[in-house]
Amino acid sequence: MSDWMDLQLAHSLTPVKAPDALWSRINGMPEPARPRWQHSFRRGTLSAVAAAVLVLLVRATAVELRPPHDDFVANSPVPAKKWLAHEAPVQKVRLEVSSVPSENGCKNCHTL
Amino acid sequence: MTQAGLETGERELIEACRRGERDAFRVLFEAYKDKVYSIALRFSADESLAMDIAQDTFLKLFSSLPQYRGDSAFSTWIYRLVVNACLDHKRRAWRVAPLAEGLIAMLRSPGDSLNALLESEMRSRVRAAVETLSPDMRMVVVLRYTEGLSYEEIAEVMGCSEGTVASRLNRAHKALERKLSHV
């Protein structure tokens, strides 16, 4: 290995300064990729939030769709009359339900 | 460079880059831009290609920082990235070597003395001769003469033995001497 060659190579292959345009080119590129664990963490968080929102929506919808709560249930008009008299201060109540055969009831048990 | 591990400042800088802090990227870029660009330019002998290689190197650097475990010196890791980028560019596309580069440089500076012109001409011829070397030999020459790395450091960067580095460098010298013997 000659000294002359060594010298020529050292003179010819000197380091150079990078052009300023290099940063502009790199800076113009998209954001550097985030580490994969950050991606999965963010994706996992979003999934959990989405799942929670979905559960809340389903529960809210179920509540909306549920039939209204019965204030009073009875299988004959007598307790119904008593309940109405107690809850709403009315004394004269006429029940018009399909199970009642006529306006006056069956006269035995459903007369109001 | 061979000392594994990082200095505190550099470690903090890398951590900041991992957190995605843009300013930290800029500091890291400023610290290594000349090294990266010099290797790219001396290897490719083309300014435009060198810019592409340097850009690819830094993008790869920023995106793969989380994978850097500190097993080797950070500078060794960067050298590996730029060496790979150079060799990748070499494989992907080839170009007509601008052999007249030196002549153009000479014409741009008409006020130079004859001696300076001759020196400039010689540098152009040496660079042109370096360009004809195989990529592996050329990279060893560039790392040795542009960056001043030791055989041990070159071996670490290129993933080969010191003996291989010495052999490549020796063969490169002989080839260059043959090419430049008529000068």
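# Close-ups of a two-chain predicted model

**Figure 1. Helix H7 of chain B sits mostly inside.** Nine of the 11 residues of H7(B) are buried, so this helix is largely enclosed by the rest of the structure. This is a predicted model, so read every view here with that in mind. The buried residues of H7(B) run Met137(B), Arg138(B), Met139(B), Val140(B), Val141(B), Val142(B), Leu143(B), Arg144(B) and Tyr145(B). Note that Arg138(B) and Arg144(B) are on that buried list along with the likes of Val140(B) and Leu143(B). The helix itself spans 135-145, and it also supplies at least two residues of the side of chain B that touches chain A.

**Figure 2. H7(B) meets H8(B).** Here H7(B) packs against helix H8 of chain B, residues 151-158, at about 130°, with the two axes 10 Å apart. That angle makes the pair oblique, and the crossing is right-handed. On the H7(B) side, the contact uses Met139(B), Val140(B), Leu143(B) and Arg144(B), while H8(B) brings Ile154(B), Val157(B) and Met158(B). Sorted by class, that gives six nonpolar residues, no polar ones and one charged. Within H8(B), the buried residues are Glu153(B), Ile154(B), Glu156(B), Val157(B) and Met158(B), so Ile154(B), Val157(B) and Met158(B) turn up both as buried and as contacts of H7(B). Just after H8(B) comes Gly159(B), with a positive phi near 70°.

**Figure 3. H2(B) crosses H3(B).** This view moves to another helix pair of chain B, H2(B) and H3(B), whose axes lie 8 Å apart at an angle of about 140°. The two are therefore oblique to each other, and H2(B) passes H3(B) in a right-handed crossing. From H2(B), look for Phe25(B), Phe29(B), Val36(B), Tyr37(B), Ala40(B), Leu41(B) and Ser44(B). They meet Glu47(B), Leu49(B), Ala50(B), Ile53(B), Ala54(B), Thr57(B), Phe58(B) and Phe62(B) of H3(B). By class, the contact counts 12 nonpolar, two polar and one charged residues.

**Figure 4. A positive phi in the loop between H2 and H3 of chain B.** What sits in this loop? Ala45(B) does. Its phi is positive, about 55°, even though Ala45(B) is not a glycine. Is Ala45(B) buried or partly exposed? With 19 other C-beta atoms within 10 Å, Ala45(B) is partly exposed, since being buried takes 20 or more.

**Figure 5. The largest nonpolar core.** Nonpolar side chains tend to be buried together in soluble globular proteins. In this model the largest nonpolar core holds 50 residues, and the ones touching the most other members are Val36(B), Ala40(B), Ala54(B), Val82(B), Cys86(B), Val140(B) and Val141(B). The top contributor to this core is H2(B), with 10 residues. Zooming in on Ala40(B), its contacts are Ala50(B), Ile53(B), Ala54(B), Val82(B) and Cys86(B), leaving aside residues up to four places away in sequence. Among these, Ala50(B), Ile53(B) and Ala54(B) also belong to the H3(B) side of the contact in Figure 3.

**Figure 6. A buried aspartate in H3(B).** Asp56(B) is part of helix H3 of chain B. It counts as buried, with 20 C-beta neighbours inside 10 Å. Cys86(B) is 30 residues away from Asp56(B) along the chain, and their C-alpha atoms are 9.4 Å apart.

**Figure 7. Where chain B touches chain A.** The contact draws 30 residues from chain B and 22 residues from chain A. On the chain B side, H2 (22-44), H3 (47-64), H6 (114-131), H7 (135-145) and H9 (162-180) each put in at least two residues. H2(B) gives the most, with eight residues. That side of chain B comes to 16 nonpolar, seven polar and seven charged residues.

**Figure 8. The two chains as a backdrop.** Chain B has nine helices and zero strands, and chain A has four helices and zero strands. Of the 183 residues in chain B, 34% are buried; of the 112 residues of chain A, 8% count as buried. Within chain B, 66% of the contacts between residues at least 6 apart in sequence join residues at least 24 apart.

Definitions and conventions
Residues numbered from 1 in each chain as written. Chains lettered and ligands numbered in written order. Predicted model: local features only at pLDDT ≥ 70, side-chain atom pairs only at ≥ 80, totals over all residues. Contact = placed C-beta atoms within 7 Å. Nonpolar A, V, L, I, M, F, W, Y, C, P; charged D, E, K, R; others polar. Axes fitted to C-alpha atoms, helices over the stretch in contact; angles between N-to-C directions. Parallel < 35°, antiparallel > 145°, perpendicular 65-115°, else oblique. Left-handed = near helix turned anticlockwise from the far one by under 90°. Core = buried A, V, L, I, M, F, W, Y, C linked by C-beta atoms within 7 Å. Buried ≥ 20, exposed ≤ 12 C-beta atoms within 10 Å, placed from the backbone.
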